[in-house]
Amino acid sequence: VSTQSTGQDVVSKVDPATVDEEEGIEEAFEVLHEIGERVRTARWVGSCFLYTNSQSRLNYCVGSEVVTISHLDRKMYLLGYIPQNNRLYLFDKNLSVVSYTLHLSIINYQTAVLAQNWNLAKKILPSIPKDQYNRVAAFLEAQGHKELALELSTDTDHKFELAIQLGRLDVAHEIVLANDSESKWKQLADIALSACQFSLAQEALEHAHDLGGQLLIYFSSGNAEKMLELAEQAKKEGKNNIAFIALFLTQRVNECIDLLVSTSRLPEAAFFARTYVPSRITEIVRLWQKQLAKNNKRAAEALADPDQYPNLFPDFDLAKKVERELLAAREIPQPATSYPDHRDDLLRDLIQQFKEAGLDQEEEEIQEEEAQEEEHQEEHHVEEHHVEEQQPEHHQEKPDEAPAQTPINTNQPQNQQDGSISDEELKLPPGVQPVDDSEIQDDIQDWE
C-alpha cells in the first residue's frame, strides 16, 4: 500500500492506552492507492514501489499503475536497486543472484507524469533510451495521455491503434501505406466511413479487397462505372452474390440471367426472366427442362414453355412489348437526384398501362377512320352534285347524221391505225389460220 504520512500531530493527539498495537493508528495515514496482491518482498525507490508477489512476478508500482518487469521461474527475493547501474538485484534460496534492468529515468518520468509536472517530464524524456519508448508509451496510454503515447510509440501496430482511437486518420493512413495489412485497411475503412471520409473509405476498401464494402459505397455514391468493375472482379473471385447484386442494381438484367445460368441456377434464372426479360423465358425453360430431365423426366415435361402453351401466360406478347419499350431506358443510368421524379415507378403496373394506352390508341384510330369516311362521303356527294349542274342538255340525233368518229392517234403505226394486225404480229397456235378482215367488215355492214 502506498501511503502518505499526516505528521506526528495525529500521533501526539492519540492516547497511547487506546492504541491497538497490531492495528496501529489508522488516522496517522491517508490511503492513496490499494494493490490487490500478496506481496512477498518489496523495496522503495523514490516514489516507485518494487515488489515480488505470490505468483512469482517482479513488478513495480508508480501511482496506481502496476508494471510487470519479469515473470520469475522460481521464488526469488529482492536485494535492492543500484541507480548508477540501472540494475535491480534478486536472489533465490540457493543464493543465486539475478539482475534486471530498470532505468531510473523511466521511473522519474512516470512519477512526473503522475504528478502532472509536464515541464519536468519533458526534461527527463531525452534521458530515456529510445528502445524504452514503447514502455513509456504504454504507460502514457494507461494514464489516458494517448496523444503523447502516439508521439513516443515506435511500434507500428501500437501507433496505428492509437491513431484509430484518436481519430487521426491521416496518421493511420500513412502507417498502413508503409506497412500494408488487409486487416488494418479494413479497420481504417470502418473508421473513415464513421467519419464520413468517403474517399479514404473507398481507397481502404479497395486495398482490403472488401467487395461487400465496395458494393455499399459504390451504390451509395451512384458510381455505376465502379459497380460494373466490381461485378467483373466478383465473378473472377467467385463472389457470385455480390456480382449479381452489382449487375442488378445497374439494370444489367441480361447479364444477371447469364450469371445465373453459368452457376446452374436455372430455376432462379427462369423466374427472373419471367419478371424482367420475358423474351428469354423460352431459352431458359428449355435449359431447365434439359437439366431436370436427367433426374426427373416427368417433372421436366411439366414445365410449361410460353411458345407451346400461350394460354398459361396471359399478356405474354404484351410483356415482350413492354420489355422492348423499356430496353433503351435501362441503358441510361439515372442520377440519384432524380429519385423524387421516379419515386412511384415501383408501384407502376406496366402491362396495365400498355393495355390502356393500346385501347386509347385503337379508339383514336377508329375515330380517325370514321371521320375520314364521313369526309370522303361528303366530298363524293359534292362532286356528284357539281357534275349534274355542269351536264349539257341531250339533243336527239338526226337519222341521216353520221356518228361521230373516234380520233386516231397518228403516232401509232399504220397497221394499228386501221385496226388491222399483221400476220407477223399475230401469234396463233399451230394449225389455226387467220380470218380475212374483208369478210368481217362485210358482216358488220350487214348487221348495221
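Among the contacts in this protein between residues at least 6 apart in sequence, 32% join residues that are at least 24 apart. The model is a predicted one, and its secondary structure comes to 20 helices and nine strands. Of the 448 residues in the protein, 27% are buried, while the accessible surface amounts to about 31400 Å², with 49% of that area belonging to carbon and sulfur atoms.

Two basic residues, one in a strand and one in a helix, can be set side by side.

| Residue | Element | Relative accessibility |
|---|---|---|
| Arg40 | strand S3 (residues 39–45) | 36%, partly exposed |
| Lys184 | helix H8 (residues 182–194) | 14%, buried |

Arg40, which is found in strand S3, has a relative accessibility of 36% and therefore counts as partly exposed, since that class lies between the limits of 20% and 50%. On the surface, Arg40 gathers with Arg38, Lys75 and Lys93 in a patch of positive charge.

Lys184, placed in helix H8, has a relative accessibility of 14% and so counts as buried, because the term applies to residues under 20% relative accessible area. When the neighbours within four places in sequence are left aside, the residues in contact with Lys184 are Asp157, Phe160 and Val176.

Taken together, the two descriptions place Arg40 in a surface patch of positive charge, and Lys184 among the buried residues, in contact with Asp157, Phe160 and Val176 once its neighbours within four places in sequence are left aside.

Conventions: Residues are numbered from 1 along each chain as its sequence is written. This is a predicted model: local features need pLDDT of at least 70, side-chain atom pairs count only at pLDDT 80 or more; totals for chains, interfaces and linings use all residues. Side-chain values use heavy atoms; hydrogens and water are left out. Patches are made of residues with over 30% relative accessible area and no salt bridge: like charges are joined within 9 Å, nonpolar side chains (Val, Leu, Ile, Met, Phe, Trp, Tyr) within 5 Å. Accessible areas come from the Shrake-Rupley method with a 1.4 Å probe; for residues, only the protein chains shown count as cover. A salt bridge is a side-chain nitrogen of Lys or Arg within 4 Å of a carboxyl oxygen of Asp or Glu. Lys and Arg count as positive and Asp and Glu as negative; His and the chain ends are not counted. The place of a charge is taken as NZ of Lys, CZ of Arg, CG of Asp or CD of Glu. Helices (H or I, at least four residues) and strands (E, at least two) are DSSP runs, numbered from the N terminus. Buried means under 20% relative accessible area, exposed over 50%, partly exposed in between (1.4 Å probe, protein chains only). Contact means heavy atoms within 4.5 Å.
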